[in-house]
Amino acid sequence: MPIPDARGAAAVIRSTVLRLAIGYAVLFAGSALLLAGYIYWTTDSYLARQTDKTIVASADGLIERFRSGGIPALVRAIETRLAEEADEDEIIALTEAGRRVLAGNLETPPPEGEGNWFELEIVRQPVNSTVRVLRIALGPSHTLYVGRD
């Protein structure tokens, strides 16, 4: 078998077959990256929608308790839910007009802001996390916050 010299290597690099192979490899890698990006984007959107639906369903149940029994029933429902369910990802807080937390698993109320939906940074050991939260005004004096990590 002959030993390739520098001229032979240069000829291989200039060959059409090698150029086509490199071109198709780049095209394949680009297509794979686009597909992976699309899958990531659609999965992230789906999970965000599912999280929002879960938050709304949880809030609906608490609002129903408020409508049937007022603030005392809502406080009992929140305390019961947090005591019975071991869902550490659920965030619930009921605050009064003075921004004092009446019930829930937040020590301090979320900051006031615009809109019903917002993101809240909370401290948990060993890492901090961002929580998606729904703010619901229960009349002029109370606010219910329901969220998920």
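Student: Why is the contact between E119 and R132 called a salt bridge?

Tutor: In this predicted model, the side chains of E119 and R132 meet with N to O at 3.7 Å. A salt bridge requires a side-chain nitrogen of Lys or Arg within 4 Å of a carboxyl oxygen of Asp or Glu. The value of 3.7 Å satisfies that limit, and the pair therefore counts as a salt bridge. The two residues belong to distant parts of the chain: E119 lies in strand 3 and R132 in strand 4, 13 residues apart.

Student: What makes D52, E119 and R132 a network?

Tutor: These residues are linked by salt bridges. R132 meets E119 in one salt bridge, and D52 forms another with R132, the closest N and O atoms being 2.9 Å apart. Because D52 lies in helix 2 and R132 in strand 4, the D52 pair ties together parts that are 80 residues apart in sequence.

Student: Why is R132 called partly exposed?

Tutor: The relative accessible area of R132 is 25%. Buried means under 20% and exposed means over 50%, so a residue in between is partly exposed. R132 is therefore placed in that middle class.

Student: How do you know whether R81 and E90 are buried or exposed?

Tutor: The same cut-off of 20% decides the matter. R81 has 18% relative accessibility and counts as buried; E90, with a relative accessible area of 6%, is buried as well. The side chains of R81 and E90 also meet in a salt bridge, at 3.4 Å from N to O. By the rule applied here, the count of salt bridges comes to four.

Student: How do you know that strand 1 and strand 2 are paired?

Tutor: Two strands pair if there are at least two bridges between them. Strand 1 and strand 2 have three bridges, in the antiparallel sense, and therefore qualify as a pair. One of the contacts joins T95 to its bridge partner V101 in strand 2. The two strands form a hairpin with four residues between them, and R99 in the turn has a positive phi of about 65°.

Student: What makes strand 3 and strand 4 partners?

Tutor: Strand 3 and strand 4 (residues 128-138) share seven bridges in the antiparallel sense. The requirement is at least two, so the pairing is established. Within it, F118 stands opposite V133 in strand 4.

Student: Why are strand 2 and strand 3 said to stand at the edges?

Tutor: The open sheet has five strands in the order 2-1-5-4-3, with antiparallel pairing. Strand 2 (101-104) and strand 3 (117-123) each have a single partner strand, so one side of each is left without a neighbour in the sheet. The twist averages 30° from one strand to the next.

Student: What does helix 2 touch when it packs on the sheet?

Tutor: Helix 2 (residues 16-84) touches strand 1 (90-96), strand 2, strand 3, strand 4 and strand 5 (142-148). The direction of helix 2 makes about 140° with that of strand 5.

Student: Which residues are closest to the centre of the largest pocket?

Tutor: The largest pocket has a volume of about 350 Å³. Of its 18 lining residues, I91, N105, L106, E107 and I122 are the closest to the centre. Strand 3 gives the largest share of the lining, four residues.

Technical notes
Residues numbered from 1 in each chain as written. Predicted model: local features only at pLDDT ≥ 70, side-chain atom pairs only at ≥ 80, totals over all residues. Heavy atoms only, no water. Axes fitted to C-alpha atoms, helices over the stretch in contact; angles between N-to-C directions. Contact = heavy atoms within 4.5 Å. Buried < 20%, exposed > 50% of the residue type's maximum accessible area, 1.4 Å probe, protein only. 1 Å grid on protein atoms, 1.4 Å probe; cavity = no way out; pocket = protein on both sides within 12 Å on 5 of 7 lines; lining within 4 Å. Points joined across faces, edges and corners; volume = space filled by probe spheres on them.
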